[in-house]
Amino acid sequence: MPNIKSAMKRVKVNASKRLENQMVRSALKTTIKKAGAAISEGGRELADSEFRLAVSKIDKAVKKGILHKNTAARKKSALALKLGRIAQ
């Protein structure tokens with residue numbers, strides 16, 4: 001445990017930020033899974049809306065620094081490929 005007042009505050013701030021990041025990451029994973037499920041079911045309208053929502057959340061996670069931009073691009077690309085396959 002730190003002895004310096006500012007170091008004690010950093011410990012508290014880091015703990016709260018960690019929880020916030022965990023919540024965002026968990027919500028992101030849930031959204032991606034929902035989008036994948038909607039795409040695999042084959043309903044075009046539902047799949048489109050879930051895809052747009054997932055892409056939006058992925059972009060927000062990148063903006064907050066929770067995901068790396070290349071990881072986000074890979075996730076969006078994978079979802080887009082799945083979505084493209086149901087159009088055929």
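**Core packing and overall form of a three-helix chain**

Isoleucine 39 touches Ala47, Leu79, Lys82, Leu83 and Ile86, with residues up to four places away in sequence not counted and contact taken as heavy atoms within 4.5 Å. The model is predicted, so that local features require pLDDT of at least 70 and side-chain atom pairs pLDDT 80 or more, whereas totals for chains, interfaces and linings use all residues. Residues are numbered from 1 along each chain as its sequence is written, and side-chain values use heavy atoms, without hydrogens and water.

Ile39 also belongs to the largest nonpolar core, whose 8 residues further include Ala35, Phe51 and Val55. Such a core is a set of buried Ala, Val, Leu, Ile, Met, Phe, Trp, Tyr and Cys residues joined through side-chain atoms within 4.5 Å; buried denotes under 20% relative accessible area (1.4 Å probe, protein chains only). At least two residues of this core come from each of α1 (5-41), α2 (44-64) and α3 (69-87), and α2 supplies the largest share, 4 residues. A second, separate core has 6 residues, among them Leu28, Ile58, Ala61 and Leu67.

The chain contains 3 helices and 0 strands, assigned as DSSP runs (H or I, at least four residues; E, at least two). Its radius of gyration, 18 Å, is well over the 12 Å that the globule rule gives for 88 residues, so the chain is more spread out than a compact globule; the radius is taken over C-alpha atoms, and the rule is 2.2 Å times the number of residues to the power 0.38. The C-alpha trace spans about 65 × 20 × 15 Å along its principal axes. Of the 88 residues, 22% count as buried.

Technical notes
Buried means under 20% relative accessible area, exposed over 50%, partly exposed in between (1.4 Å probe, protein chains only).
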